[in-house]
Amino acid sequence: MGHDHDHTHGANKKALLISFILITGFMIIEAVGGFITNSLALLSDAGHMLSDSISLGIGLLAFTLGERVANYSKTYGYKRFEILAAVFNGVTLVLIALYIFYEAYQRFINPPEVASTGMLIIAVIGLLVNILVAWILMSKGDTEENLNMRAAFLHVIGDLLGSVGAIIAALLIMFFDWGWADPLASVIVALLVLISGWRVTKDSVHVLMEGTPKNIDFEEVIKTIKNVKGILGVHDLHVWSITSGKNALSCHAVVDGDLSINDCQKLLREIEHQLEHKEIGHVTIQLENVDHPHEDSLICQNNDRTTPHGHHH
């Protein structure tokens with residue numbers, strides 16, 4: 001599984017790099033086009049693309065920093081940087097959405113002249129670029145489990161919908177002379193941006209607060225440990241994420257005081273094996289005597305240990 005994690009990591013990084021180059025290039029074109037055609041829908045989409053570009057760049061930096069090995073001062077390495085990048089992206093999305101709302105409000109009061117043909121051409125190119133980038137992120141990267149990738153992907157989907165909005169607005173201005181279609185399209189984009197930004201921020205903060213990972217059933221974990229023959233009880237159980245797809249667990253397990261060192265080791269290996277199937281790869285378990293829990297009655301040597309699997313996941 002360590003190999004799979006490395007492979008996914010490499011694929012994510014490559015997908016982000018290609019997407020970053022495409023998005024940044026088109027963002028410049030769209031911003032210039034927005035100013036020339038005086039379209040808020042294009043400018044808001046370009047603003048969103050700028051946040052995309054920053055988000056993809058930070059995502060890349062996060063993956064690169066995440067590769068740095070653990071040391072005495074950062075015992076988990078720099079994996080958490082990915083989550084910090086996701087928080088930054090989420091908050092950026094929310095702020096951009098609020099700014100677009102403000103700009104759209106001004107334009108509803110005072111609708112300016114918009115060059116709809118230029119707006120339409122740029123919006124169509126934008127749509128094609130976003131479809132390509134969304135496909136790259138989906139097919140080459142892990143947008144399901146990895147929060148950092150998901151944040152970047154949601155940025156791009158918001159962009160894609162922004163381009164659709166700009167196309168519809170351009171057509172409405174061309175055929176019906178509806179000037180309000182431009183700020184309306186930007187408001188719809190802003191709503192989508194706000195929702196996705198809020199979700200990414202909430203999920204990332206949950207990881208930073210060391211909340212139970214969404215794919216882990218806490219009750220099921222307790223049951224799994226208790227079902228291992230020789231375990232009499234479990235307490236001080238904590239399950240958290242180090243970063244996306246890398247879950248950890250620590251607990252105290254109560255066992256019979258008559259167990260030999262060998263039996264203890266077998267018990268620990270069995271628990272680790274069971275938890276691996278529950279997507280928990282980094283396990284620390286302290287075994288306690290049933291007669292003296294929480295006291296210095298270490299049943300066997302090395303019983304507060306980290307699973308060797310933990311280093312590979």
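**Notebook: cysteines, cores and two loops**

I began with C251, which has a relative accessibility of 2% and is therefore counted as buried, since the limit for that class is under 20%. I keep in mind throughout that I am reading a predicted model.

I turned next to C264, whose relative accessibility is 0%, so I entered C264 as buried too. I then looked for disulfides across the whole structure, and the search returned zero.

For the overall layout, I counted eight helices and four strands in the protein chain. Reading from the N terminus, I noted the order α-α-α-α-α-α-α-β-β-α-β-β. I found that 50% of the 313 residues count as buried, and that the accessible surface of the chain comes to about 15,600 Å², with 63% of it belonging to carbon and sulfur atoms. Taking the contacts with a separation of 6 or more, I saw that 73% of them join residues 24 or more positions apart.

Which residues touch the most other members of the largest nonpolar core? I found that L16, M119 and L137 do so, in a core of 34 residues. I listed the elements that give this core two or more residues, and they are helix 1 (2-37), helix 2 (40-66), helix 4 (116-140), helix 5 (147-176) and helix 6 (181-208). I also noted a second, separate core of 21 residues, and C251, where I started, is included in it along with V228, L267 and I280. As background, nonpolar side chains in soluble globular proteins tend to be buried together.

I went back to M119 and, leaving out residues up to four places away in sequence, wrote down its contacts: T37, S39, A41, L42, V114, A166, A169, A170, I173 and D182.

Lastly I looked at backbone angles in two loops. N38, in the loop between helix 1 and helix 2, has a positive phi of about 65° although it is not a glycine. Is N38 buried, partly exposed or exposed? Its relative accessibility is 30%, which lies between the limits of 20% and 50%, so I entered N38 as partly exposed.

D177 is found in the loop between helix 5 and helix 6, and although D177 is not a glycine, I read a positive phi of about 60° there. Because its relative accessibility of 63% is over 50%, I entered D177 as exposed.

How values were computed. Residues numbered from 1 in each chain as written. Predicted model: local features only at pLDDT ≥ 70, side-chain atom pairs only at ≥ 80, totals over all residues. Heavy atoms only, no water. Buried < 20%, exposed > 50% of the residue type's maximum accessible area, 1.4 Å probe, protein only. Contact = heavy atoms within 4.5 Å. Areas by Shrake-Rupley, 256 points an atom, 1.4 Å probe, with all protein chains shown as cover. Disulfide = S-S within 2.5 Å. Core = buried A, V, L, I, M, F, W, Y, C linked by side-chain atoms within 4.5 Å.
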